[in-house]
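Okay, thanks for squeezing me in. I'll put the structure up and then just talk through it.

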Amino acid sequence: MLVRFFTDLRAGGVPVTLPEFLSLLEALEARVAALSAEEFYYLARMAMVKDERHFDRFDRVFAEHFEGAEKLFEKLLAELPPEWLKQLTERLLTEEEKRRVQALGGWDKLLETFRERLREQKERHEGGNKWIGTAGTSPFGNQGFNPEGVRIGQGKSRHRRAVKVWDARDFRNLDDDIELGTRNIKMGLRRLRRFAREGAAEELDLDGTIDATARNAGLLDIKLVPERRNAAKLLLLLDVGGSMDPHIKVCEELFSAARAEFKHLEYFYFHNFPYERLWKDNRRRFSVVTDTWTLLRTFNPDYRVVFVGDATMSPYEIEEPGGSVEHWNNESGRVWMTRITRHFPRLVWLNPEPEDRWQWTPSVAITRELVGNRMFPLTLDGLDRAMRELKRRGGTDGGPHSRQATSPGHPVDVS
Amino acid sequence: MTETRFTGTDSYVATPDLMMAVNAAVTLGRPLLIKGEPGTGKTQLAAEIARALQRPLYEWHIKSTSKAHHGLYEYDAVSRLRASQLGEEKVRDIRNYIIKGSLWEAFDSNVQPVLLIDEIDKADIEFPNDLLRELDRMEFFVHETRELVKARHRPIILITSNNEKELPDAFLRRCFFHYIRFPDADTMDQIVRVHFPNLKSELLREALASFFEVRETPGLRKKPSTSELLDWIKLLLAEDIPPEALRGSDAKKLLPVMHGALLKNEQDVHLFEQIVFLNKRAGR
């Protein structure tokens, strides 16, 4: 039955693997959990769920699978090896209680009766004096009053019953279904790595030291070099328009991944399409803005530009002056986009909408044409292709645009 | 015989699920990965386990520049090179220049130790992958001396993470996982009592009430945590503030006394002020 629980978990979207399931069995065998539903729940969750975002899914499967947890433990007990049960009860009973157990004819007799009754019993039982169940005076069960009783399950109090723990589903808001996790995005962004030595010299330059020592007639002369760091520069331009609302999560993921991966990361927001102004703080989008001309002057063409947006709008918003939905723009979006693509040779547009839907929206086609067909879907594969694209153009270092490059040290491609 | 089951200590309140997680990790010798909101006592847990079970504690604090081999050992080639120039005797043995890391020291311990790997998410994303074999088999190879270092006793390994990076699946598979939830009011009451046994229950009730009120303010950038509550109560005690002062009946005083211990940036203070003000007005 636990195997079915395992397959149910997998079907329910909890990424459990076989070794994790085996380690749960191992833990059960090592008697880490006493026989209570609550402890079993915690143990199972701890061994098989490794991300709090999946707790809620686990809770749902658990609740469904073990509906009426007491019944489960009656079933479980029927499969228990007797030595196990004996050791467990020996731990729980005091010396005096153990003597009283003898009153029923000793352990073997007790266990035999126990198994017999398990066989006889078909339903959940409460309050009686013979059957195994809860709150009775039978020798077997939980919360009973018989001093000879074998306590099954350690329900500490009736008010914190295990069932409630998973039925509460406290982790609901931690659950999400992202196919593109931060880690995946980071692995994608890694393609852009360009290592260069910059900053304080703190690493031993072995070759340099050997060379210098040899020149020094064998007297040690230590050379240090700065550590290699990722020198790729990234400019992220994000659409925060209303149609982007369903994609906020994935954009946040992309953003946080990029932030961790790049030392030189700048970001700006725009609404639907970039015009003459961009902003950094969405709450103060009308008061604190950055002139797009300033942006073009500030950032060298060696910055790689990534647009993130669904490019879904009325075509007028791109083609006509004054087309913006928020303000009056003197020059059309097309003019601005052309300026940006001209300044930054390495540029891609990531679109969170699925690729097969692009053809239905004219503005997507226009944007695609404006960015020179460098639009990619915001999926793992799309990200990979986009990074490859940025990298390919990166191979043209030393072209007409690199004259403005001011970074110290010479970036070296190694990956 | 040393204690083998962890049930919390006199200065640390462990919930049943946390005890279960720790005991399972101890029994099966698996690393235990602890996540949770900041300030819920993730790092402290290791020290408390070590104290409760009377085991030595080894700590390895991870920084963004940490590499997996820093925890195993480092070969100090530079000082050996220097020593060779000066013709020192100890230069002949490479062992003199191998510096043990926390993991090696924990492996060397005579009794089963507790090893804390703190904030593993601070390191490079490949860092956990580089430790897979070490954590799995509890052994590693020292290339310089060609010796295999094996753990004498499988250490109780606790790993904390603040969720800044996702950890690789292969690593997660080998760990047990526990998420420390923010304590509910009852548990919080217990925690505060453990730290301030002489606190008047009236003051405690008022303090907890205002604390949870602050925490439930929507839109706070940083919610105050357990450790901040404890700091705040310490301040209240030090200043000998009467419980009445915490009761927000006075409309002029909107913020709890000494709120600086609970709210850590000015936007939050401002936001809280506004919300309390609106509530007060709506209440009339």
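So, start with B:Y12, which you'll find in the segment before α1 of chain B. This is a predicted model, by the way, so read everything I say in that light. Is B:Y12 buried, exposed or partly exposed? There are 19 C-beta neighbours inside 10 Å, so B:Y12 counts as partly exposed; buried would take 20 or more. Setting aside residues up to four places away in sequence, B:Y12 touches B:G41, B:Q44 and B:E48. For B:G41, the C-alpha to C-alpha separation from B:Y12 is 8.7 Å, with the two positions 29 residues apart along the chain.

Carry on along the chain and you get to helix α1 of chain B, residues 16–28. That helix lies across β1, β8 and β9 of chain B, and relative to β9(B) it runs at about 160°.

Those strands belong to an open sheet of five, and the order in chain B is β2-β5-β8-β1-β9. The pairing there is parallel. Which strands stand at the edges? They are β2 (57–61) and β9 (176–180) of chain B; each has a single partner strand, so one side of each has no neighbour in the sheet. On average, and ignoring direction, neighbouring strands are turned by 20° against each other.

Let me zoom in on β1(B). With β8(B), residues 156–160, it pairs in the parallel sense over three bridges, and one register point to hang on to is B:L33, whose bridge partner in β8(B) is B:I159. With β9(B), the parallel pairing of β1(B) runs over five bridges, and B:L32 stands opposite B:F176.

Now, β9(B) is an edge strand, but look at its burial. Five of its five residues are buried, so β9(B) is largely enclosed by the rest of the structure. Both faces are covered: B:F176, B:H178 and B:I180 are on one side, B:F177 and B:Y179 on the other. That fits the textbook picture, where side chains in a regular strand alternate between the two faces of the sheet.

Next, the two chains together. What does chain B use to touch chain A? In terms of counts, 23 residues of chain B are in contact with 27 residues of chain A. The elements of chain B giving two or more residues to that side are α1, α4 (77–86), α8 (169–173) and β9. The largest share comes from α1(B), with seven residues. If you sort that side of chain B by class, you get twelve nonpolar, four polar and seven charged residues.

That leads into the cores. The largest nonpolar core has 74 residues, and the ones touching the most other members are A:L43, B:A21, B:L32, B:L158 and B:F176. Who gives the largest share of this core? Helix α3 of chain A, residues 37–48, with nine residues. Take B:A21 as a way in: leaving aside neighbours within four places in sequence, B:A21 is in contact with A:Y42, A:M46, B:L32, B:F176 and B:H178. Apart from this core lies another one of 40 residues, including A:L236, A:I340, A:V348 and A:M387.

Over in chain A there's an open sheet of five strands too, ordered β7-β6-β10-β11-β12, with parallel pairing. Its edge strands are β7 (264–270) and β12 (375–377), each pairing on one side only. Neighbouring strands here are turned by 25° against each other on average, again ignoring direction. Within that sheet, β6(A), residues 233–239, and β10(A), residues 304–308, pair in the parallel sense over five bridges, with A:L237 standing opposite A:F307. Helix α12 of chain A, residues 248–261, lies across β6, β7 and β10 and runs at about 165° to β6(A).

Last bit, the overall numbers. Chain B has twelve helices and nine strands, and buried residues make up 32% of its 284 residues. Of the contacts in chain B between residues at least 6 apart in sequence, 76% join residues at least 24 apart. As for confidence, the mean pLDDT of chain B is 83, with 93% of its residues at 70 or more. The model as a whole scores ipTM 0.76 and pTM 0.57. And the usual caveat: where pLDDT is low, don't read the predicted coordinates in detail.

How values were computed
Residues numbered from 1 in each chain as written. Chains lettered and ligands numbered in written order. Predicted model: local features only at pLDDT ≥ 70, side-chain atom pairs only at ≥ 80, totals over all residues. Core = buried A, V, L, I, M, F, W, Y, C linked by C-beta atoms within 7 Å. Buried ≥ 20, exposed ≤ 12 C-beta atoms within 10 Å, placed from the backbone. Helix = DSSP H or I, 4+ residues; strand = E, 2+ residues; numbered from the N terminus. Contact = placed C-beta atoms within 7 Å. Pairing = 2+ DSSP bridges. Axes fitted to C-alpha atoms, helices over the stretch in contact; angles between N-to-C directions. Nonpolar A, V, L, I, M, F, W, Y, C, P; charged D, E, K, R; others polar. pLDDT = per-residue confidence, 0-100.
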